[in-house]
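Open the model in your viewer and keep the selection tool at hand. The tour goes from one selection to the next.

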Amino acid sequence: MISSPAEVKNGSGDGGRWLDAHYDPVAGLYTFSSCVDLADLSGDGESRLVVGDLGTGSSGMKLKVYRGTALMSESTLLDLPAGLVAFFMDLHEPRIPAVAVASGPCIYVYKNLRPYFKFTLPGLEINTLEQDVWQQVREGQIDPMCLKEMLESIRKKDAVPLSIRSLRFLSLEADSMDDFVQLHKQQPIRRQTVITCIGTLKKSTTDEDGVSCLVIGTENSDIFVLDPEAFTILSKMCLPAAPTLMDVTGQFDVEFRITVACRNGNIYILRRESNKPKYCIELSSHPVGLVRIGKNVVVGCTDESLQGFTQKGKKLWKINLPAPVTTMAAMDLPTRGFQGVLVGLANCEVHLYRDKNLLSTIKTPDTVTSICFGRYGREDGTLIMTTKGGGLMVKILKRMAVFDDRESAPGPPLAQSVRLNVPKKTKLYVDQTLRERENSLAMHRAFQMDLSRMRLAAARAYVKALESSLTPVSSSLSEPLKMNAVVQGLGPSFKLTLNVQNTAACRPVMNLTISFLYDENLYRMRNPFMRIPLLVPGLIYPVETFVECTSDKGISDIIKVFVLHEGKSSPLLTAHINMPISEGVAFS
């Protein structure tokens, strides 16, 4: 149990869900979330806090272990730690995890808090021209100035990059080159990459104390999966850019997914059957935090936003944050079935999100640089944070704390999650079900017959509507038009009104004409050919003309209407108008 002489009080701004267990503003811890982990290193059921301390950046790098609020042990690191994980590397009893620290091109493995093994990344391909140049320097054939010119020429033209030694030599001033050459010319040339991120992958089981493989990302844009016992490379995968953040899930022998955020601003998802990314998520700004929650990926970006994606790269949601993101970590409480994302912000706040809903806000005295949530000591829900000034904070989640989505942004009503009160099956329902099973073939044939009759009736009604021109509609997708006709009068003069409408969404129609086809022995029209003005979408334009009946036989006929483009003979729309019988005869 974590204890502190300070008074335990409720956290502010979070509804009193957290207890302030410990705060040491001068702990001297300078680290990131990738270099913090919780593990039971003694096998006594109490988890310890393992921290890879960055020190001053150039010195003072240490591996520190805390028990409760006291520093338990510390070991010196040779280089800046890029990541730290605790993992089970074998099946030996007692079940005590090892600690792997990624530092430079090496992984240092500690067991029982003592150095156990050192793994070094395999060397990279060396430029043959660079080797020849340094060989000439070793034999005294060229001087340092000539060496500089040749190395610069190789760097510009050759595809294989130079080694660290050559790059350092090119960055020196002229007076320091000779000493550098004398110091290094006898040493062989090596080109080595460095580790940028590290994670763990279960070997074959999902047990909490199951054997895990190490997964490392390198500056050379490679992902390696290492065997936990022999530390050999089990799998190698390539990325388009150098990885910076990584999240791993699954089992190596069954199926796994490695979600990687790269320096080019994209997120790639690797699977077991391929050595190249399966899916790619393109972001509008660079990622600074990556957490996988279930089957979704939550990403914090430099544009002060938090975004959610599926494991196949489909964007689910995006929310804007009040300040830039400094760090992120997952909050997993299996005993309560709760999963969320803890986001540290530059405005001295830590937000807890479930999907896009803000559940809790924790105010801190300084900007948080690392977050770790899990079992610490004997408390399952412990939140550990380090600050920019080197402080250490420990908060404990209350056992009665409840996170409610209703406190966040408005969403779907809670009534949607209430189950419907479906009544029990009645005897009539059961009898009908049995009848349908016994007579399924006959019922299906009857249904198909009724469906065919309904389709035939609909087709006949459509043909009748077309023949009577009740609602003529253009069949052209490029010029969607609709027209209806109204005949007014008793004769022999009739007023014919055509209502033309453009049914397009946003595009006007222009350069249209109307032409009439009729029996000249029966009718005479004042304007048998008319131009239509520009048709604005949605508006109805009335086009009027007059028809005179010239026959005294008391008969009527059909007048055909054609809507055409100017200069074209193919009509866009055709309508038939049934003229009424005239009550008289027009006089010429």
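How far apart do the end C-alpha atoms of residues 481-582 lie? Select that span: its end C-alpha atoms lie 31 Å apart. The model is predicted, and in it this span is 0% helix and 54% strand. UniProt, in an unreviewed entry, lists residues 481-582 as "domain: Bardet-Biedl syndrome 1 protein GAE".

**The largest nonpolar core**

Next, select Leu498, Ile514 and Phe516. Of the 29 residues in the largest nonpolar core, these three touch the most other members. The elements giving two or more residues to this core are β29 (481-488), β30 (493-502), β31 (512-517), β32 (523-525), β33 (529-532), β34 (540-549), β35 (558-565) and β36 (573-578).

Stay with isoleucine 514 and show what surrounds it. Leaving aside neighbours within four places in sequence, isoleucine 514 is in contact with ten residues to pick out: Leu498, Val500, Pro528, Phe529, Met530, Ile532, Val543, Val561, Phe562 and Val563.

Now pick threonine 497, which is found in strand β30. Is threonine 497 buried or exposed? Threonine 497 has a relative accessible area of 11%, so it counts as buried, the cut-off being under 20%. Not counting residues up to four places away in sequence, threonine 497 touches Asn484, Ala485, Val486, Pro542, Val543 and Glu544.

Another core lies apart from the largest one. This other core has 19 residues, and you can find it by selecting Trp18, Met331, Val368 and Phe373, which are among them.

**The N-terminal span**

Select residues 18-271. An unreviewed UniProt entry lists them as "domain: Bardet-Biedl syndrome 1 N-terminal". Over this span the chain is 17% helix and 41% strand, with the end C-alpha atoms 38 Å apart.

Within these numbers there are some backbone details to inspect. Most residues other than glycine have a negative phi, and most peptide bonds are trans.

- Proline 94: a cis peptide bond joins it to glutamate 93, with omega at about -5°. Proline 94 sits in the loop between β6 (81-87) and β7 (98-103).
- Serine 221: not a glycine, yet its phi is positive, about 65°. Look for serine 221 in the loop between β11 (212-218) and β12 (222-226). Its relative accessible area is 14%, so serine 221 is buried.
- Phenylalanine 231: also not a glycine, with a positive phi of about 55°. Phenylalanine 231 lies in the loop between β12 and β13 (233-238), and at 6% relative accessibility it counts as buried.

**The second largest pocket**

Select Ile164, Arg165, Arg190, Arg191 and Gln192. What is the volume of the second largest pocket? The volume is about 740 Å³. Of the 22 residues that line this pocket, the five you have selected are the closest to its centre. Two elements give two or more residues to the lining, α3 (164-170) and α4 (174-184). The largest share, four residues, comes from α3. By type, the lining divides into ten nonpolar, seven polar and five charged residues.

**A last selection**

Finish with aspartate 450, found in helix α6 (residues 440-468). Aspartate 450 has a relative accessibility of 46%, so it counts as partly exposed. Add asparagine 264 to the selection. How far apart in space are aspartate 450 and asparagine 264? From C-alpha to C-alpha they are 61 Å apart, and in sequence they are 186 residues apart.

Notes: Residues are numbered from 1 along each chain as its sequence is written. This is a predicted model: local features need pLDDT of at least 70, side-chain atom pairs count only at pLDDT 80 or more; totals for chains, interfaces and linings use all residues. Side-chain values use heavy atoms; hydrogens and water are left out. On a 1 Å grid over the protein atoms alone, a cavity is a set of points where a 1.4 Å probe fits but cannot get out, and a pocket is an open set with protein on both sides within 12 Å along at least five of seven lines; lining residues have an atom within 4 Å of a point. Grid points are joined across faces, edges and corners, and a volume is the space filled by probe spheres set on the points. Ala, Val, Leu, Ile, Met, Phe, Trp, Tyr, Cys and Pro count as nonpolar, Asp, Glu, Lys and Arg as charged, and the others, Gly among them, as polar. A nonpolar core is a set of buried Ala, Val, Leu, Ile, Met, Phe, Trp, Tyr and Cys residues joined through side-chain atoms within 4.5 Å. Buried means under 20% relative accessible area, exposed over 50%, partly exposed in between (1.4 Å probe, protein chains only). Contact means heavy atoms within 4.5 Å. UniProt positions are given in the numbering used here, feature names are shortened, and annotations may be inferred rather than shown by experiment.
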